[in-house]
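Here are my notes on the model you sent over. Have it open while you read.

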Amino acid sequence: MTTLPVTTSPAFRAPRGTYDLIPPRSAAYLAVREAFAAPARRAGYGYVETPGFEDVRLFARGVGESTDIVTKEMYTLTTRGGDELALRPEGTASVLRAALENNLHKQGNLPVKLWYSGSYYRYERPQKGRYRHFSQVGAEAIGAEDPALDAELIVLAVDGYRALGLTGFRLLLNSLGDRECRPAYRTALQDFLRGLDLDGPTRERIEINPLRVLDDKRPEIRAQLDAAPLMRDHLCEACKAYHEQVRELLTAAGVAYEDDPRLVRGLDYYTRTTFEFAHDGLGAQSAIGGGGRYDGLSEMIGGPALPSVGWALGVDRTVLALAAEGVELDLPAATDVYAAALGERARRTLFGVVTELRRAGVAADFAFGGKGLKNALKSADRSGARFALVAGERDLDEGVVQLKDLGSGEQRPVALAAVVDELRGLLA
Ligand code: AMP
């Protein structure tokens, strides 16, 4: 038998732009996901899970051929069978594909409301808050055009942030118009942009997707955009009325927003309502979530007309935002009770008690590996448990175990038969 060489530094590290979620920090990620999912579930959104990779053309068509996501950031691969796939860079196109493929839109109950949670991949330049593997929770409402639906989704996201105790976020809101009014605006914007002093790639972008130029973060470009025509001033009557209703519903729901006439977002498929949640404690990567209406996407990927709206909230950045605000989440203890046995008979007995406690819903752990009592109690302290159970031969002879309050240090014997109920009472 060969043995593996023992090295002091690990031979492998997480790939650049990625990181491991490890305890105890990882508990915050679970809590954030749950805080986002709970309001969606309460509003009738059902859970959907799609593959981590898709036909690359789904994203090329759905997200947009001219977007950074598609041109620079996708992880693409060719399978042994010759299929061209991409690790999913975002969730909406996949979820809509899944809804169409499974005929969810034909079951007579529109909108189809779905929520999801998972990993997304973008080959971006890594920095704080920007990773190559990141985590989003998303919600999509497919197949209905109703300002109340746009408002519902925005309120659900706000309620998710609020449930976590986050306060320092802002909701930026805009309308991108629709196929009635956007073409004329697009032409007006192109005419304006063509007159500016811009580099080659930006000039190309004017022809393919001029709205994205408004999104340019470089100061030398921004400085030239002050007089750019804005969609706000070119909205048709229907889009204007729609947007006004969304705003009124948000206000009635107690949700404050800022009109941001330059908000366009990095994906091509948005129409009408567009929004982003920004957090000022994060530096450059301030977007903690975003979304909007995408009335044309279904047709772009070969489906029927299905006006839809959705959002994706970034889990990684929300965790950073919580830290920036100094919010401590009220997380359930990993371990409430820690059992330490002296001797084989006590080990068997306490293992049984731990099993019973767990089955009764108490988070309990056990001193494994034959630790001495001193070490076992150290582990109990480190585990964050509130109580330790200690037992040796003499305790068992007396039919008791010692129950130690790790906060006060107080210890008392409790009848073995009563210990599970006793602990449940103490922890309730
Ligand atoms: P987007 O689809 O780009 O609007 O992304 C929605 C949300 O996901 C953003 O608001 C971010 O919070 C998060 N997000 C997007 N890209 C990344 C990334 N590279 N690293 C971490 N979070 C990201």
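The points below take the ligand site and then a run of strands.

1. Bear in mind that this is a predicted model. The ligand has 14 residues around it, and R122, E124, Y131, R265 and A287 are the closest.

2. Which classes of residue make up the shell around the ligand? It's a mix: five nonpolar, four polar and five charged residues.

3. On the polar side, oxygen atoms of the ligand have a few partners worth checking in your viewer. R122 puts a polar side-chain atom 2.9 Å from a ligand oxygen, and for Q136 a side-chain N or O atom is 2.9 Å from an oxygen of the ligand. With G289 the backbone does the job: one of its N or O atoms lies 3.0 Å from a ligand oxygen. As for cover, the ligand taken alone exposes 480 Å², and the protein buries 93% of that.

4. Where does the shell come from in terms of strands? β6 (133-142), β10 (287-293) and β11 (308-314) each supply at least two of its residues. β10 gives the most, with three residues.

5. Now to β14, β15 and β16. β14 (residues 387-391) pairs with β15 (residues 400-405) in the antiparallel sense, over four bridges. To find the register, look for A388, which stands opposite K404 in β15.

6. β15 also pairs with β16 (residues 411-415), again antiparallel, over five bridges. Here V401 stands opposite V414 in β16. The two strands form a hairpin with five residues between them. Take a look at G409 in that turn: its phi is positive, about 85°.

Note on methods. Residues are numbered from 1 along each chain as its sequence is written. This is a predicted model: local features need pLDDT of at least 70, side-chain atom pairs count only at pLDDT 80 or more; totals for chains, interfaces and linings use all residues. Side-chain values use heavy atoms; hydrogens and water are left out. A residue is near a molecule or strand if one of its heavy atoms lies within 4 Å of it. A polar contact is a pair of N or O atoms within 3.5 Å; within protein, one must be able to donate a hydrogen and the other to accept it, and residues adjacent in sequence count only if both atoms are side-chain atoms. Accessible areas come from the Shrake-Rupley method with a 1.4 Å probe; for residues, only the protein chains shown count as cover. Ala, Val, Leu, Ile, Met, Phe, Trp, Tyr, Cys and Pro count as nonpolar, Asp, Glu, Lys and Arg as charged, and the others, Gly among them, as polar. Two strands pair if DSSP finds at least two bridges between them.
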